[in-house]
Structure formats: structure tokens, C-alpha cells
Amino acid sequence: MPAGLLRRRTGAPLHDLGPMRAARRSALLDLGLADRRFGYPLEMVLRAGAAGWRIAETEVDYLLRTGRSKVTGTLRGTLRAVSDMRRVMSELRPG
């Protein structure tokens, strides 16, 4: 997912869909998230942006990955992630 498209859709200065998010449980439940696979992080950011949430990205130091990613480390994982994210983007069109 191109980060520029995500920035345009949310208005948030994002560069990536990082693995860590913080929100109050009640507010998160109010977003009505439905995806239970690879589209979940994208759906969360898109719905939070549409709801007017403040979205911020914080750089953190991290170690290089050891082992293989379950998403981009396999063809099947990559295809599922792309498919799920395309579906979420089309279902949550602005307007």
C-alpha cells in the first residue's frame, strides 16, 4: 500500500502501517472494525482518520528482523495481504 495514498485518505503524516497502535478500548470498539486478517491495520487507520482521530507516527529504534515474515516472507502471505488491503480500500472509499 503506497503511503502517499494513505496520507491523502487520512490526512495523517504516515509513512507506514507500523505494528503498534494505541487507543482507548471503548473508542476502538466504536470504530466498528470488521476485518480479522491482514486488512485490520489499514481498516483501523482509515476508520480512525474518518472519525477525526489524531493519528501520529513515532520513530523508534528496533533490531533487524530475525527469521521470515509471515506476511511478506511467503508468496501466499503477500497475496493475502494485498488482497485484504485492496478489499478494505475499496470498501472504505471516502464520500
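Is Pro19 buried or exposed? At 83% relative accessibility, Pro19 counts as exposed. The model examined here is a predicted one. Pro19 belongs to the loop that runs between helix 1 (3-10) and helix 2 (25-30). Its C-alpha atom lies 8.0 Å from that of Pro41, although 22 residues separate the two prolines in sequence.

The overall fold was considered next. The chain contains four helices and zero strands. In sequence order the pattern reads α-α-α-α. Along the principal axes, the C-alpha atoms occupy a box of roughly 35 × 30 × 25 Å. The radius of gyration is 14 Å. A compact globule of 95 residues would have a value near 12 Å, so the chain agrees with that expectation. Buried residues make up 27% of the 95 in the chain.

Salt bridges were then searched for across the whole structure, and five were found. One of them joins the side chains of Arg37 and Asp84, with an N to O distance of 2.9 Å. This pair ties together distant parts of the chain, 47 residues apart. Arg37 sits in the loop between helix 2 and helix 3, whereas Asp84 sits in helix 4. The two partners also differ in exposure. Arg37 has a relative accessible area of 41% and is therefore partly exposed, since that value falls between the limits of 20% and 50%. Asp84 has a relative accessible area of 3% and is therefore buried, since that value is under 20%.

A second bridge lies within helix 4. The side chains of Glu91 and Arg87 meet there at 3.7 Å, N to O. The two residues are four apart in helix 4, which means that about one helical turn separates them. Glu91 counts as exposed, because its relative accessibility is 54%. Arg87 is partly exposed, with a relative accessible area of 32%. Both bridges described so far feed into a wider arrangement: Asp35, Arg37, Asp84, Arg87 and Glu91 are linked in a network of salt bridges. Within this network, Asp84 is buried, while Glu91 is exposed.

Helix 3 holds a further bridge. Arg47 pairs with Glu43, and their closest N and O atoms are 2.8 Å apart. Both residues lie in helix 3, at a spacing of four residues, or about one turn of the helix. Arg47 counts as partly exposed, because its relative accessibility is 27%. Glu43 is buried, with a relative accessible area of 4%. Val45 is also placed in helix 3. Its relative accessible area is 9%, so Val45 is buried. The C-alpha atoms of Val45 and Ala3 are 12 Å apart in space, and the two residues are 42 apart in sequence.

Charge on the surface was examined as well. Asp16, Glu57, Glu59 and Asp61 form a patch of negative charge there. Of these, Glu57 is located in the loop between helix 3 (40-50) and helix 4 (75-91). Glu57 counts as partly exposed, because its relative accessibility is 37%. That value also meets the requirement for patch members, because these must have over 30% relative accessible area.

Helix 1 supplies a last charged position. Arg8 lies in that helix. With 64% relative accessibility, Arg8 counts as exposed. Its C-alpha atom is separated by 16 Å from that of Glu91, 83 residues away along the chain. Glu91 itself is exposed and takes part in the salt-bridge network.

Notes: Residues are numbered from 1 along each chain as its sequence is written. This is a predicted model: local features need pLDDT of at least 70, side-chain atom pairs count only at pLDDT 80 or more; totals for chains, interfaces and linings use all residues. Side-chain values use heavy atoms; hydrogens and water are left out. Patches are made of residues with over 30% relative accessible area and no salt bridge: like charges are joined within 9 Å, nonpolar side chains (Val, Leu, Ile, Met, Phe, Trp, Tyr) within 5 Å. Accessible areas come from the Shrake-Rupley method with a 1.4 Å probe; for residues, only the protein chains shown count as cover. A salt bridge is a side-chain nitrogen of Lys or Arg within 4 Å of a carboxyl oxygen of Asp or Glu. Lys and Arg count as positive and Asp and Glu as negative; His and the chain ends are not counted. The place of a charge is taken as NZ of Lys, CZ of Arg, CG of Asp or CD of Glu. Buried means under 20% relative accessible area, exposed over 50%, partly exposed in between (1.4 Å probe, protein chains only). The radius of gyration is taken over C-alpha atoms; the globule rule is 2.2 Å times the number of residues to the power 0.38.
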